[in-house]
Amino acid sequence: SREREIAGLVALGLTNRQIAGELVISAATVDRHVANILVKLGAHGRAQIAAWAVAEGLPARERADPS
């Protein structure tokens, strides 16, 4: 479920660092999750994660207001 959440945030255009801040986890943990997602999807980049996430209806949550 965490990987699906991260995939949704990737689809919203957040960087790994921004995702880490939003989820209050380390950037290294996000890096590992993104790498795992890429392997599971047989994907080669974040755009493919984003496309999959959109197809799955994952990026439903809005970005947090940075202010």
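**Figure 1. Helix α3 in the predicted model.** Helix α3 is built from 15 residues and spans 21 Å from its first C-alpha to its last, close to the 21 Å expected at 1.5 Å a residue. The view belongs to a predicted model, in which α3 covers residues 27-41 and has the highest mean pLDDT among the elements, 98. Helix α3 is followed by G42, a residue whose phi is positive, near 65°.

**Figure 2. The buried and exposed sides of α3.** Four residues of this helix are shown as buried: V30, H33, V34 and I37. They lie on the same side of α3, because the arc they cover around the axis is only 100°. An α-helix has 3.6 residues a turn, so residues three or four places apart point the same way. The face turned away from the buried side of α3 carries R32 and V39, which are exposed. On the buried side, the residues of α3 pack against three helices, namely α1, α2 (16-23) and α4 (46-56).

**Figure 3. H33 and its contacts.** This close-up centres on H33, a residue of helix α3. H33 counts as buried because its relative accessibility is 18%, and the cut-off for buried is under 20%. When residues up to four places away in sequence are not counted, H33 touches R2, E3 and I6.

**Figure 4. R2 and its contacts.** R2 is found in helix α1, an element that comprises residues 2-11. With a relative accessibility of 32%, R2 counts as partly exposed. Apart from residues up to four places away in sequence, R2 touches L23, I25 and H33. R2 and L23 are 21 residues apart along the chain, and their C-alpha atoms are separated by 9.7 Å.

**Figure 5. The largest nonpolar core.** The core in this view consists of 14 residues, and those that touch the most other members are I6, A7, V10, I19, V30, V34 and I49. Two or more residues are given to this core by each of α1, α2, α3 and α4. Helix α1 provides the largest share, which amounts to four residues.

**Figure 6. I49 and its contacts.** I49 is one of the residues that touch the most other members of the largest nonpolar core. Leaving aside neighbours within four places in sequence, the contacts of I49 are A7, V10, V34, I37, L38 and L41. Among these partners, I37 and V34 also appear in the list of buried residues of α3.

**Figure 7. The whole protein, for orientation.** The protein contains four helices and zero strands, and its pattern along the sequence is α-α-α-α. It has 67 residues, of which 31% count as buried. The accessible surface comes to about 4,200 Å², and carbon and sulfur atoms account for 55% of this area. Of the contacts between residues at least 6 apart in sequence, 60% join residues at least 24 apart. The average pLDDT of the protein is 91, and 88% of the residues score at least 70. Helix α1 has the lowest mean pLDDT among the elements, 95. Where pLDDT is low, the predicted coordinates should not be read in detail.

Definitions and conventions:
Residues numbered from 1 in each chain as written. Predicted model: local features only at pLDDT ≥ 70, side-chain atom pairs only at ≥ 80, totals over all residues. Heavy atoms only, no water. Buried < 20%, exposed > 50% of the residue type's maximum accessible area, 1.4 Å probe, protein only. Contact = heavy atoms within 4.5 Å. Areas by Shrake-Rupley, 256 points an atom, 1.4 Å probe, with all protein chains shown as cover. pLDDT = per-residue confidence, 0-100. Expected span 1.5 Å × (residues − 1). Arc of directions from axis to C-beta. Core = buried A, V, L, I, M, F, W, Y, C linked by side-chain atoms within 4.5 Å.
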